[in-house]
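Trainee: Please give me a close look at one part of this structure. Start with the whole, then move in.

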Amino acid sequence: MEKHQTHSVTTADYADPKVDQLLKHTVRNQLESLLKAKLTTAQRQQALTQSFTEAMALIFSSTQATHAQLSAAFEAMYEQAVQSMTQAQLSEELLTRQYISPTGLIMSPINCRHTIKDIYRIQGYVKGIDKAVRGMLSHKKSITILYPACGPFAPLLLPLLSYYKDQHVFNGEQIKVLFVDTHPGAIVSLRQLISDLQLGEFVADIIEEDATTYEPQESIDLLVLEAMQHGFTREGQLAIAKHLVKFLALDGWMIPHSVSIKGMMVHGETEFNQQWKDAEYCHSAHLQDGALQERVELGELMRIDKSALLQMQELALEDGVRVVSANTITLPTGVEDMSERILAVYAQITTFDGEGLDQYDSGITHPKPDMSFYVDAKPRELDHMHFVANSGDTVQFYYQLSGMPGFVPVKV
Ligand SMILES: C[S@@+](CC[C@H](N)C(=O)[O-])C[C@H]1O[C@@H](n2cnc3c(N)ncnc32)[C@H](O)[C@@H]1O
């Protein structure tokens, strides 16, 4: 078990509203833990495992679970996982440190903990992973899964492994997982969760390393990766995928199988407000026809899959900035109100064999408005961050891998 620092709280820390809020959070967590401390470790672990397997049972149920049922099950899983994180006794420093690495944002464990509640993201990944695992284990005795940037809860795999164990579907002889995360707090928390869930038999290794430089020693059958945010910005999904795809076995698969990033010119009010006024929750199933018809789709800015990644050529610019070229788009002509529209970038993800997640199903596929992209309009003040073009112009998109990843449009 890693040693981790303890951090003594000073009165100066309390004066900082940001720190104060986090402390309130952890104080509440501690109080909740005290209440729950009446439970024995075995009882807490049982409740944790049960919450994980119940959420998966709903996902795999032959009758479609309602949104309310799924929300309740995922909330229970989250609460139990946070209890486990509390048991790991991370220092405030480990819990809250967030920084920018050479290839993107490294989120703190306290901010990462919410991803286990992202119902339709987890559903789309878990169903895809399950199909891929079953497919591979139908002709192989065992497989190795690599899960980089897994975060403190590794939520795309740990619930599924709990379910496999509980239902006696697969065991640790058949599935071995390499968990990789660069954040020491995520690693400490992950070790605690795996131990609490008693899933040690499935662990090949837990590695604290940057996934863009880590080199696995064994060949990988499945690469499971989700390190992206909306608009395909900020986190290092592409840099990680591009590096690790080389370690896939010849017949190995990457999950997601493909990510398609698309652009559209929209009226922000219709797209982001009016359309969702009466919706119970944001989901592609609740897109409104009227809003869809109002959009001007620009097409695909970039597609990421195994073969695209293997062929992708990097360009090195000054100051070590690395970019790859994405697609070229011709801005449509004849759209009268183009100057009133904004660019929004969204993702559609196929995890495996028809499973996946569409626009609005999750934070990671939610369209992101880009207020620096002007068509047939001029910004009030010209700034080097603004991109100004006219209908009919051809635009080449590049993707910046370094610093804060994201698209850079350039007029051809
Ligand atoms: C949003 S969280 C977890 C996402 C997780 N895959 C999930 O499905 O919920 C992001 C985690 O990715 C890790 N991470 C981001 N970039 C990384 C990199 N280049 N190498 C290793 N870990 C990385 C961070 O340390 C953080 O723990």
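**From the chain to the ligand**

Mentor: Take contacts (heavy atoms within 4.5 Å) between residues at least 6 apart in sequence: 77% of them join residues at least 24 apart. This is a predicted model, where local features need pLDDT of at least 70 and side-chain atom pairs pLDDT 80 or more, while totals for chains, interfaces and linings use all residues. Residues are numbered from 1 along each chain as its sequence is written, and side-chain values use heavy atoms, without hydrogens or water.

The chain holds 13 helices (DSSP H or I runs, at least four residues) and 18 strands (E runs, at least two). Buried residues (under 20% relative accessible area, 1.4 Å probe, protein chains only) make up 51% of the 412 residues.

Now the ligand. It is surrounded by 22 residues (a heavy atom within 4 Å), and the closest are Cys112, Thr115, Arg121, Asp181 and Ala211. This shell divides into 12 nonpolar (Ala, Val, Leu, Ile, Met, Phe, Trp, Tyr, Cys, Pro), 6 charged (Asp, Glu, Lys, Arg) and 4 polar residues (the others, Gly among them).

Next come polar contacts with the ligand (pairs of N or O atoms within 3.5 Å). Thr115 puts a polar side-chain atom 2.7 Å from a ligand oxygen. Backbone N or O atoms serve two ligand nitrogen contacts: Ala211 at 2.8 Å, and Thr182 at 3.2 Å. On its own, the ligand has 600 Å² of accessible area (Shrake-Rupley method, 1.4 Å probe), and the protein covers 98% of that.

Definitions and conventions: Polar contact = N/O pair within 3.5 Å; in protein donor to acceptor, adjacent residues only side chain to side chain. Buried < 20%, exposed > 50% of the residue type's maximum accessible area, 1.4 Å probe, protein only.
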